[in-house]
Amino acid sequence: QECYYQDDLRVLSSLTKKEHMKGNETMLDFRTSKFVLRISRDSYQLLKRHLQEKQNNQIWNIVQEHLYIDIFDGMPRSKQQIDAMVGSLAGEAKREANKAKVFFGLLKEPEFDVPLDDEDEEGENEEGKPKKKKPKKDNVGSKSKKQDPNAPPQNRIPLPELKDSDKLDKVMNMKEAARRVRLGPECLPSICFYTFLNAYQGLTAVDITDDSSMIVGGFADSTVRVWSVTPKKLRSVKTAADLSLIDKESDDVLERIMDEKTASELKILYGHSGPVYGTSFSPDRNYLLSCSEDGTVRLWSLQTFTCLVGYKGHNYPVWDTQFSPYGYYFVSGGHDRVARLWATDHYQPLRIFAGHLADVTCTRFHPNSNYIATGSADRTIRLWDVLNGNCVRIFTGHKGPIHALAFSPNGRFLATGATDGRVLLWDIGHGLMVGELKGHTDTIYALRFSRDGEILASGKI
């Protein structure tokens, strides 16, 4: 057998009695789901004829009972083509599994009037006359963008309304985007590194806010630690008694409610009772998620640095969690082989995504928040529809457990990394592998696209 089935065979080889089969998960997987084999019609006819001529009816019965043969018309594939797509616990994905329509486009951005920078607006020219102000149509955000034909309808799933602070963030992002340099082989990005020195508590998870103002670490000693990486220190909101003394109508009320006595570069959050495996900041930087071996996902306030909710749905370790790009929703995946979709104001999950045959090791939201990707130890990646919980894509090709996922910013592609040292790139719309990025020789634990989607970074230990 191929090398990537060695682990499965080792598990099966330990089953020497009928009783051993009962509680064995791998055995259960094989007995409850058919192994998928994709063969051309000509190859299928040859196999059938060969087995009938040799009077191997028993083998033919086993083939029909335990294999799902996905027959396609046309030329048989080359060994290289087959090798690229096989490797999962249950064989290749059925072609039917990748036929559903996926709305991979981005949602239309709300329209804002973005004020121009002061230096753009005013200033005198050579004759000493003030420059004319630019007409309003040049404003960055007021250009009416057409709806992406591949985008889902705006109201396909309910999304939270934008707060004023969110609008301000978007305005800043638009301004930055206008000045952004296009990246490529000739113009590589500058990179800033943060190193965790003497992390004897065993650093197990990291996330950075989108504006690079805070960094969080999850540790094996069950703590969650938040650092400010700018000169601005982390402060908690004042106590209720002190808040009652504040003038609520003042312009700087948001500044006055913060307690200077609590200012520090580091805040330690206690609550989990096992190693923390995943952390995720909310887009508005007010909340933080963490998931742990203790089977819970916790929601922390970054205003008070206290735990607001403990979500108990998984009965086993939770390996990953992530906030939706729009906030409010989040996803978690764990050892119980399922991913769960939650909303911050519901203590029960809204959706349970079941179908993987082993641990769900990593979870990621699509940029338009309508889909969730999950990577698993069954060596497959699945794409789930948030609206109805359906699995709309199954990607096979990796030869080991998946450990990293990243959507491209335009929503068109998904990059995946696994213990096989390969980075694969998938076209979400067509459900096809675009290519393989070679170079690594060991497990890929991290993948991230640059903001313009031109460059993909991959990391391993």
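This section describes the overall architecture, the domain arrangement, the salt bridges and selected local features of a predicted model.

The protein contains ten helices and 24 strands, and its C-alpha trace spans about 95 × 55 × 40 Å along the principal axes. Of its 461 residues, 41% count as buried, while the accessible surface comes to about 26,200 Å², with 52% of that area belonging to carbon and sulfur atoms. Among the contacts with a separation of 6 or more, 52% are accounted for by residues 24 or more positions apart. One example of separation in space is given by Glu249 and Ile455, which lie 206 residues apart along the chain and whose C-alpha atoms are separated by 47 Å. Glu249 is placed in the loop between helix H9 (240-243) and helix H10 (253-256), and this residue counts as exposed because its relative accessibility, 70%, is over the 50% limit.

The domain assignment of the protein gives domain 1, covering residues 3-98, and domain 2, covering residues 196-460. The centres of domain 1 and domain 2, taken over C-alpha atoms, are separated by 35 Å, and the contact takes 19 residues from domain 1 and 17 residues from domain 2. The size of an interface is often given as the accessible area lost when the parts come together. By that description, domain 1 and domain 2 bury about 1,400 Å² between them, and 47% of this area is on carbon and sulfur atoms. Three salt bridges are found across the interface of domain 1 and domain 2.

Side chains of opposite charge can pair when their charged atoms come close. A search of the whole structure finds 25 salt bridges. In one of them, the side chains of Arg156 and Asp385 meet with an N to O distance of 2.5 Å. This pair links distant parts of the chain, since Arg156 is in the loop between helix H7 (118-121) and helix H8 (164-179), whereas Asp385 is in strand S17 (residues 380-385), 229 residues apart. Arg156 has a relative accessible area of 15% and is therefore buried, being under the 20% limit, and Asp385, at 4% relative accessibility, likewise counts as buried.

A salt bridge is also formed by Arg182 and Glu454, whose closest N and O atoms are 3.1 Å apart. Here too the pair links distant parts of the chain, with Arg182 in the loop between H8 and strand S3 (203-208) and Glu454 in the loop between strand S23 (444-449) and strand S24 (456-460), 272 residues apart. Arg182 is exposed, with a relative accessible area of 65%, and Glu454 is partly exposed, with a relative accessible area of 41%.

The side chains of Asp420 and Arg422 meet in a further salt bridge, at an N to O distance of 3.7 Å. Asp420 counts as partly exposed at 22% relative accessibility, whereas Arg422 counts as buried at 12%. Elsewhere, salt bridges that share partners join Arg38, Asp70, Arg77, Glu92 and Arg95 into one network. Asp8 forms a salt bridge with Arg379, and the closest N and O atoms of that pair are 2.6 Å apart.

On the surface, Tyr194, Leu203, Val206 and Ile208 make a nonpolar patch of about 320 Å². Ile208 lies in strand S3, and it counts as partly exposed at 37% relative accessibility, a value that meets the requirement of over 30% relative accessible area for patch residues.

Two residues that are not glycine were noted for their backbone geometry, namely Asn198, with a positive phi of about 50 degrees, and Phe305, with a positive phi of about 55 degrees. Asn198 is placed in the loop between H8 and S3, where it counts as exposed at 67% relative accessibility. Phe305, by contrast, is placed in the loop between strand S9 (296-301) and strand S10 (307-312), and this residue is buried, with a relative accessible area of 11%.

Conventions. Residues are numbered from 1 along each chain as its sequence is written. This is a predicted model: local features need pLDDT of at least 70, side-chain atom pairs count only at pLDDT 80 or more; totals for chains, interfaces and linings use all residues. Side-chain values use heavy atoms; hydrogens and water are left out. A salt bridge is a side-chain nitrogen of Lys or Arg within 4 Å of a carboxyl oxygen of Asp or Glu. Helices (H or I, at least four residues) and strands (E, at least two) are DSSP runs, numbered from the N terminus. Buried means under 20% relative accessible area, exposed over 50%, partly exposed in between (1.4 Å probe, protein chains only). Patches are made of residues with over 30% relative accessible area and no salt bridge: like charges are joined within 9 Å, nonpolar side chains (Val, Leu, Ile, Met, Phe, Trp, Tyr) within 5 Å. Accessible areas come from the Shrake-Rupley method with a 1.4 Å probe; for residues, only the protein chains shown count as cover. Domain bounds come from an automatic or database domain assignment. Contact means heavy atoms within 4.5 Å. Buried area is the accessible area (1.4 Å probe) that two parts lose on being put together, summed over both.
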